[in-house]
Amino acid sequence: MSNNILSINGITKKYGNITAVNNLSFNVPQGSIFGILGPNGSGKTTTLGIILDVLKANSGSFSWFDAPSNTNNRNRIGSLLETPNFYHYLSAFDNLKITQEINKRGNEYSIEEALHIVRLTERKNYKFKTYSLGMKQRLAIAAALLGNPDVLVFDEPTNGLDPVGIVEIRELIKQLAQQGKTIIMASHLLDEVEKVCTHVAIMKRGNLVACGDVNEIIANEEIVELNAVNNEQLYGILSNYNLVKKITQEKNYVELAFTQGDSKLDDINKYCFEKGIVLNHLTYKRKSLEVKFFELTNN
Ligand code: ADP
Ligand code: MG
(Lines give C-alpha, C1' and ligand atoms only; values in the text may rest on other atoms or scores of the structure.)
(Ligands and ions follow the chains in the order given, each with its own letter.)
Protein backbone atom coordinates (compact mmCIF):
# COMPACT_ATOMS: atom_id res chain seq x y z
CA MET A 1 0.00 0.00 0.00
CA SER A 2 1.35 3.42 -0.91
CA ASN A 3 1.17 6.32 1.44
CA ASN A 4 0.27 8.91 -1.12
CA ILE A 5 -2.44 11.38 -0.27
CA LEU A 6 -2.85 12.31 -3.91
CA SER A 7 -1.83 10.67 -7.19
CA ILE A 8 -2.05 12.61 -10.41
CA ASN A 9 -1.84 10.55 -13.58
CA GLY A 10 -1.31 12.17 -16.96
CA ILE A 11 -3.59 15.15 -16.56
CA THR A 12 -4.00 17.47 -19.55
CA LYS A 13 -6.07 20.65 -19.58
CA LYS A 14 -6.54 22.85 -22.61
CA TYR A 15 -8.17 26.23 -22.98
CA GLY A 16 -8.84 26.48 -26.68
CA ASN A 17 -5.43 25.97 -28.22
CA ILE A 18 -3.53 26.81 -25.03
CA THR A 19 -2.33 23.71 -23.21
CA ALA A 20 -2.36 24.91 -19.59
CA VAL A 21 -1.38 21.52 -18.16
CA ASN A 22 0.32 18.88 -20.27
CA ASN A 23 0.28 15.20 -19.31
CA LEU A 24 1.09 15.95 -15.69
CA SER A 25 1.82 13.16 -13.23
CA PHE A 26 3.11 13.20 -9.67
CA ASN A 27 2.35 11.81 -6.23
CA VAL A 28 1.95 13.74 -3.00
CA PRO A 29 3.24 11.76 0.00
CA GLN A 30 1.26 11.80 3.21
CA GLY A 31 2.52 14.35 5.72
CA SER A 32 4.50 16.35 3.17
CA ILE A 33 4.42 20.05 2.51
CA PHE A 34 4.24 19.72 -1.23
CA GLY A 35 5.09 22.78 -3.30
CA ILE A 36 3.99 23.22 -6.89
CA LEU A 37 6.54 25.69 -8.11
CA GLY A 38 6.58 27.54 -11.39
CA PRO A 39 6.53 30.99 -12.93
CA ASN A 40 3.25 32.74 -13.67
CA GLY A 41 1.25 30.94 -16.31
CA SER A 42 2.92 27.57 -15.77
CA GLY A 43 -0.34 25.81 -14.88
CA LYS A 44 -0.29 25.71 -11.07
CA THR A 45 -3.73 27.17 -10.42
CA THR A 46 -5.23 25.08 -13.21
CA THR A 47 -3.77 21.95 -11.59
CA LEU A 48 -5.20 22.88 -8.19
CA GLY A 49 -8.57 23.63 -9.80
CA ILE A 50 -8.63 20.16 -11.33
CA ILE A 51 -7.72 18.23 -8.19
CA LEU A 52 -10.37 20.23 -6.29
CA ASP A 53 -13.04 19.47 -8.92
CA VAL A 54 -13.46 23.15 -9.81
CA LEU A 55 -12.18 22.42 -13.33
CA LYS A 56 -12.43 19.35 -15.48
CA ALA A 57 -9.34 17.93 -17.18
CA ASN A 58 -9.46 16.98 -20.86
CA SER A 59 -7.68 13.73 -20.06
CA GLY A 60 -5.87 11.94 -17.28
CA SER A 61 -7.00 11.12 -13.78
CA PHE A 62 -6.22 11.69 -10.15
CA SER A 63 -7.12 10.01 -6.90
CA TRP A 64 -7.18 11.19 -3.32
CA PHE A 65 -6.35 8.90 -0.38
CA ASP A 66 -5.82 5.92 -2.70
CA ALA A 67 -9.57 5.76 -3.16
CA PRO A 68 -11.62 5.47 -6.36
CA SER A 69 -12.43 8.88 -7.79
CA ASN A 70 -16.14 8.64 -7.07
CA THR A 71 -15.53 8.20 -3.33
CA ASN A 72 -16.85 11.12 -1.38
CA ASN A 73 -13.87 12.20 0.64
CA ARG A 74 -13.94 15.90 -0.15
CA ASN A 75 -14.65 16.76 3.47
CA ARG A 76 -11.12 15.61 4.25
CA ILE A 77 -9.72 18.38 2.04
CA GLY A 78 -9.67 22.06 2.97
CA SER A 79 -8.69 24.62 0.37
CA LEU A 80 -7.93 28.24 -0.25
CA LEU A 81 -7.84 28.98 -3.97
CA GLU A 82 -8.89 32.58 -3.96
CA THR A 83 -9.55 34.98 -1.10
CA PRO A 84 -13.03 34.30 0.24
CA ASN A 85 -15.55 37.14 0.16
CA PHE A 86 -15.83 37.86 3.83
CA TYR A 87 -18.34 40.43 5.03
CA HIS A 88 -16.55 43.60 6.07
CA TYR A 89 -19.03 44.61 8.75
CA LEU A 90 -19.19 41.21 10.41
CA SER A 91 -16.76 39.83 12.96
CA ALA A 92 -14.27 37.10 12.15
CA PHE A 93 -16.35 34.66 14.16
CA ASP A 94 -19.58 35.50 12.35
CA ASN A 95 -17.83 35.27 8.99
CA LEU A 96 -16.61 31.78 9.83
CA LYS A 97 -20.07 30.85 11.08
CA ILE A 98 -21.47 31.77 7.68
CA THR A 99 -18.73 29.83 5.87
CA GLN A 100 -19.39 26.84 8.09
CA GLU A 101 -23.12 26.92 7.42
CA ILE A 102 -22.66 27.25 3.66
CA ASN A 103 -20.05 24.50 3.44
CA LYS A 104 -21.64 22.34 6.13
CA ARG A 105 -18.27 21.66 7.69
CA GLY A 106 -17.51 21.47 11.38
CA ASN A 107 -19.42 23.12 14.18
CA GLU A 108 -19.06 25.98 16.64
CA TYR A 109 -16.25 24.16 18.41
CA SER A 110 -14.44 23.78 15.11
CA ILE A 111 -14.72 27.55 14.54
CA GLU A 112 -13.10 28.27 17.90
CA GLU A 113 -10.47 25.66 17.15
CA ALA A 114 -9.67 27.16 13.75
CA LEU A 115 -9.47 30.67 15.20
CA HIS A 116 -7.11 29.37 17.86
CA ILE A 117 -4.81 27.70 15.34
CA VAL A 118 -4.48 30.88 13.27
CA ARG A 119 -4.08 32.93 16.47
CA LEU A 120 -7.14 35.12 16.01
CA THR A 121 -9.03 34.09 19.14
CA GLU A 122 -8.48 37.43 20.83
CA ARG A 123 -9.65 39.33 17.78
CA LYS A 124 -12.55 37.06 16.87
CA ASN A 125 -15.21 39.63 17.72
CA TYR A 126 -13.60 42.45 15.76
CA LYS A 127 -15.06 43.39 12.41
CA PHE A 128 -13.30 41.94 9.39
CA LYS A 129 -12.65 45.44 7.99
CA THR A 130 -10.40 46.22 10.98
CA TYR A 131 -8.09 43.33 10.12
CA SER A 132 -4.62 43.70 8.59
CA LEU A 133 -3.95 41.85 5.34
CA GLY A 134 -2.05 39.19 7.27
CA MET A 135 -4.99 38.69 9.63
CA LYS A 136 -7.40 38.48 6.70
CA GLN A 137 -5.28 35.76 5.16
CA ARG A 138 -5.10 33.90 8.48
CA LEU A 139 -8.89 34.09 8.67
CA ALA A 140 -9.09 32.65 5.15
CA ILE A 141 -6.88 29.79 6.30
CA ALA A 142 -9.14 29.34 9.34
CA ALA A 143 -12.06 28.96 6.91
CA ALA A 144 -10.14 26.18 5.14
CA LEU A 145 -9.52 24.51 8.51
CA LEU A 146 -13.21 24.18 9.40
CA GLY A 147 -14.13 20.57 9.93
CA ASN A 148 -10.49 19.66 10.63
CA PRO A 149 -9.49 18.35 7.17
CA ASP A 150 -6.46 16.07 6.71
CA VAL A 151 -5.22 17.90 3.63
CA LEU A 152 -4.95 21.60 2.91
CA VAL A 153 -4.57 23.05 -0.56
CA PHE A 154 -3.36 26.63 -0.81
CA ASP A 155 -2.80 28.71 -3.93
CA GLU A 156 -0.04 31.33 -3.47
CA PRO A 157 -0.76 31.62 0.26
CA THR A 158 1.49 34.61 0.90
CA ASN A 159 0.59 36.70 -2.15
CA GLY A 160 0.13 40.37 -1.38
CA LEU A 161 1.33 40.16 2.22
CA ASP A 162 3.98 42.30 3.88
CA PRO A 163 7.13 40.60 5.20
CA VAL A 164 5.66 40.06 8.68
CA GLY A 165 2.49 38.57 7.24
CA ILE A 166 4.55 36.30 4.98
CA VAL A 167 6.54 34.93 7.91
CA GLU A 168 3.34 34.35 9.91
CA ILE A 169 1.71 32.36 7.12
CA ARG A 170 4.84 30.30 6.47
CA GLU A 171 5.15 29.46 10.16
CA LEU A 172 1.47 28.57 10.27
CA ILE A 173 1.85 26.21 7.33
CA LYS A 174 4.78 24.44 9.00
CA GLN A 175 2.82 24.21 12.23
CA LEU A 176 -0.15 22.64 10.42
CA ALA A 177 2.20 20.06 8.90
CA GLN A 178 3.62 19.29 12.34
CA GLN A 179 0.09 18.53 13.47
CA GLY A 180 0.01 15.83 10.81
CA LYS A 181 -1.74 17.59 7.97
CA THR A 182 -0.56 17.24 4.39
CA ILE A 183 -0.19 20.60 2.66
CA ILE A 184 -0.25 21.16 -1.08
CA MET A 185 0.65 24.70 -2.05
CA ALA A 186 1.27 26.47 -5.33
CA SER A 187 3.88 29.20 -5.38
CA HIS A 188 5.89 31.16 -7.91
CA LEU A 189 8.42 31.94 -5.17
CA LEU A 190 11.25 29.44 -5.11
CA ASP A 191 12.55 30.97 -1.92
CA GLU A 192 9.21 30.20 -0.31
CA VAL A 193 9.19 26.61 -1.52
CA GLU A 194 12.77 26.16 -0.36
CA LYS A 195 11.95 27.54 3.10
CA VAL A 196 8.61 25.85 3.66
CA CYS A 197 8.24 22.71 1.54
CA THR A 198 9.53 19.17 1.97
CA HIS A 199 8.70 18.17 -1.61
CA VAL A 200 8.40 20.04 -4.86
CA ALA A 201 7.02 19.62 -8.36
CA ILE A 202 8.48 22.22 -10.69
CA MET A 203 6.30 23.22 -13.62
CA LYS A 204 7.13 25.09 -16.78
CA ARG A 205 4.50 25.93 -19.38
CA GLY A 206 2.23 23.16 -18.19
CA ASN A 207 4.95 20.52 -18.09
CA LEU A 208 6.55 18.88 -15.11
CA VAL A 209 10.29 19.56 -15.24
CA ALA A 210 11.40 18.13 -11.90
CA CYS A 211 9.77 16.49 -8.91
CA GLY A 212 10.84 15.06 -5.58
CA ASP A 213 12.26 15.71 -2.18
CA VAL A 214 13.31 19.37 -1.99
CA ASN A 215 16.75 18.41 -0.69
CA GLU A 216 17.31 15.80 -3.35
CA ILE A 217 16.37 18.17 -6.12
CA ILE A 218 18.75 20.72 -4.74
CA ALA A 219 21.51 18.28 -3.91
CA ASN A 220 22.03 16.32 -7.11
CA GLU A 221 24.96 18.59 -7.71
CA GLU A 222 27.71 19.45 -5.27
CA ILE A 223 29.28 22.86 -5.23
CA VAL A 224 32.63 23.39 -3.56
CA GLU A 225 33.61 26.91 -2.67
CA LEU A 226 37.25 27.77 -2.08
CA ASN A 227 39.69 30.63 -2.04
CA ALA A 228 43.37 31.40 -1.70
CA VAL A 229 45.47 34.55 -1.71
CA ASN A 230 45.60 34.37 -5.49
CA ASN A 231 42.27 33.18 -6.85
CA GLU A 232 43.32 33.59 -10.47
CA GLN A 233 46.12 31.13 -9.94
CA LEU A 234 43.72 28.86 -8.08
CA TYR A 235 41.26 29.01 -10.96
CA GLY A 236 44.08 28.13 -13.34
CA ILE A 237 45.26 25.02 -11.55
CA LEU A 238 41.74 23.74 -10.85
CA SER A 239 40.46 24.12 -14.40
CA ASN A 240 41.68 20.63 -15.21
CA TYR A 241 40.86 19.04 -11.88
CA ASN A 242 39.50 15.53 -12.06
CA LEU A 243 35.73 15.24 -12.58
CA VAL A 244 34.96 18.97 -12.34
CA LYS A 245 31.86 19.72 -14.36
CA LYS A 246 32.11 23.45 -14.17
CA ILE A 247 34.42 26.03 -12.67
CA THR A 248 33.48 29.63 -12.01
CA GLN A 249 35.46 32.47 -10.58
CA GLU A 250 33.48 34.76 -8.33
CA LYS A 251 34.73 37.96 -6.76
CA ASN A 252 36.15 36.38 -3.61
CA TYR A 253 36.19 32.70 -4.33
CA VAL A 254 36.28 29.95 -6.91
CA GLU A 255 33.39 27.52 -7.29
CA LEU A 256 33.64 23.96 -8.53
CA ALA A 257 30.61 21.94 -9.54
CA PHE A 258 30.63 18.15 -9.29
CA THR A 259 28.10 15.45 -9.80
CA GLN A 260 26.82 14.21 -6.45
CA GLY A 261 29.49 12.02 -4.82
CA ASP A 262 32.36 13.11 -7.07
CA SER A 263 33.94 15.75 -4.86
CA LYS A 264 36.33 15.06 -2.00
CA LEU A 265 37.49 18.07 -0.03
CA ASP A 266 40.64 16.34 1.27
CA ASP A 267 41.75 15.49 -2.25
CA ILE A 268 41.11 19.02 -3.49
CA ASN A 269 43.08 20.45 -0.59
CA LYS A 270 45.98 18.07 -1.22
CA TYR A 271 45.98 18.77 -4.94
CA CYS A 272 46.16 22.53 -4.38
CA PHE A 273 48.89 22.17 -1.79
CA GLU A 274 50.97 20.05 -4.17
CA LYS A 275 50.61 22.83 -6.76
CA GLY A 276 51.91 25.31 -4.20
CA ILE A 277 48.61 26.89 -3.17
CA VAL A 278 47.46 27.08 0.43
CA LEU A 279 43.70 27.38 0.65
CA ASN A 280 42.16 29.93 3.00
CA HIS A 281 38.70 28.53 2.60
CA LEU A 282 37.29 25.22 1.41
CA THR A 283 33.70 24.23 1.95
CA TYR A 284 30.57 22.76 0.42
CA LYS A 285 28.04 25.24 -0.73
CA ARG A 286 24.53 23.96 -1.12
CA LYS A 287 23.23 24.63 -4.55
CA SER A 288 20.34 26.95 -4.04
CA LEU A 289 17.00 26.07 -5.52
CA GLU A 290 17.08 29.50 -7.06
CA VAL A 291 19.92 28.54 -9.38
CA LYS A 292 18.32 25.19 -10.11
CA PHE A 293 14.95 26.75 -10.76
CA PHE A 294 16.45 29.29 -13.10
CA GLU A 295 18.26 26.57 -15.04
CA LEU A 296 15.12 24.44 -15.22
CA THR A 297 12.78 27.14 -16.35
CA ASN A 298 14.94 29.21 -18.66
CA ASN A 299 15.63 27.03 -21.61
P1 ADP B 1 -0.28 29.70 -12.84
O2 ADP B 1 -1.26 29.48 -11.73
O3 ADP B 1 0.91 28.83 -12.79
O4 ADP B 1 0.08 31.14 -12.98
P5 ADP B 1 -2.52 29.10 -14.58
O6 ADP B 1 -2.93 27.72 -14.26
O7 ADP B 1 -3.34 30.19 -13.99
O8 ADP B 1 -0.99 29.28 -14.22
O9 ADP B 1 -2.52 29.30 -16.15
C10 ADP B 1 -1.89 28.40 -17.03
C11 ADP B 1 -2.14 28.83 -18.45
O12 ADP B 1 -3.51 28.70 -18.77
C13 ADP B 1 -1.78 30.29 -18.74
O14 ADP B 1 -1.28 30.35 -20.05
C15 ADP B 1 -3.11 30.98 -18.63
O16 ADP B 1 -3.12 32.16 -19.41
C17 ADP B 1 -4.06 29.94 -19.17
N18 ADP B 1 -5.41 30.06 -18.57
C19 ADP B 1 -5.72 29.92 -17.27
N20 ADP B 1 -7.05 30.04 -17.07
C21 ADP B 1 -7.60 30.27 -18.27
C22 ADP B 1 -8.95 30.47 -18.75
N23 ADP B 1 -9.99 30.45 -17.93
N24 ADP B 1 -9.11 30.67 -20.08
C25 ADP B 1 -8.07 30.66 -20.93
N26 ADP B 1 -6.78 30.47 -20.55
C27 ADP B 1 -6.54 30.27 -19.26
MG1 MG C 1 -1.86 30.84 -10.24
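Asn40 sits in the loop that runs between β3 (33-37) and α1. In this predicted model, Asn40 counts as exposed because its relative accessibility is 66%, and the cut-off for that class is over 50%. Along the chain, Asn40 and Lys204 are 164 residues apart, yet 9.1 Å separates their C-alpha atoms.

Asn40 also belongs to the surroundings of ligand 1. The residues around this ligand are Tyr15, Ala20, Pro39, Asn40, Gly41, Ser42, Gly43, Lys44, Thr45 and Thr46. By class, this shell divides into six polar residues, three nonpolar residues and one charged residue. Helix α1, which covers residues 44-51, gives the largest share of the shell, with three residues.

Several short distances link the protein to oxygen atoms of ligand 1. For Ser42, a backbone N or O atom lies 3.1 Å from an oxygen atom of the ligand. A polar backbone atom of Gly43 is 3.0 Å from an oxygen atom of ligand 1. In the case of Thr46, the side chain is involved: one of its polar atoms lies 2.5 Å from a ligand oxygen. Ligand 1 exposes 560 Å² when taken alone, and the protein buries 59% of that area.

Beyond helix α1, the chain continues into a loop that leads to β4 (59-64), and Asp53 is found there. Asp53 is not a glycine, but its phi is positive, at about 65°. Asp53 counts as partly exposed because its relative accessibility is 46%, which falls between the limits of 20% and 50%. A positive phi is also found at Phe65, again a residue other than glycine, with a value near 55°. Phe65 lies in the loop between β4 and β5. With a relative accessible area of 14%, Phe65 is buried, since the cut-off for this class is under 20%.

Attention now turns to the pockets of the protein. The largest pocket has a volume of about 530 Å³. It is lined by 23 residues, and those closest to its centre are Ser79, Thr99, Asn103, Ala143 and Ala144. Three elements each give two or more residues to this lining, namely β5 (77-80), α2 (92-103) and α4 (133-145). Of the elements, α2 provides the largest share, with five residues. By class, the lining of the largest pocket holds 14 nonpolar residues, together with six polar and three charged ones.

Helix α4 is also the home of Arg138. Is this arginine, Arg138, buried or exposed? With a relative accessible area of 10%, Arg138 is buried, because a value under 20% places a residue in that class. The side chain of Arg138 has a partner in the side chain of Glu168, with which it makes a polar contact at 2.7 Å.

A wider view places these details in the whole chain. The protein contains ten helices and 13 strands. Its C-alpha trace spans about 75 × 45 × 40 Å along the principal axes. Of the 299 residues in the protein, 48% are buried. Arg138 and Phe65 are among these buried residues, whereas Asn40, in the loop before α1, is exposed.

Technical notes: Residues numbered from 1 in each chain as written. Chains lettered and ligands numbered in written order. Predicted model: local features only at pLDDT ≥ 70, side-chain atom pairs only at ≥ 80, totals over all residues. Heavy atoms only, no water. 1 Å grid on protein atoms, 1.4 Å probe; cavity = no way out; pocket = protein on both sides within 12 Å on 5 of 7 lines; lining within 4 Å. Points joined across faces, edges and corners; volume = space filled by probe spheres on them. Helix = DSSP H or I, 4+ residues; strand = E, 2+ residues; numbered from the N terminus. Nonpolar A, V, L, I, M, F, W, Y, C, P; charged D, E, K, R; others polar. Near = heavy atom within 4 Å. Polar contact = N/O pair within 3.5 Å; in protein donor to acceptor, adjacent residues only side chain to side chain. Areas by Shrake-Rupley, 256 points an atom, 1.4 Å probe, with all protein chains shown as cover. Buried < 20%, exposed > 50% of the residue type's maximum accessible area, 1.4 Å probe, protein only.
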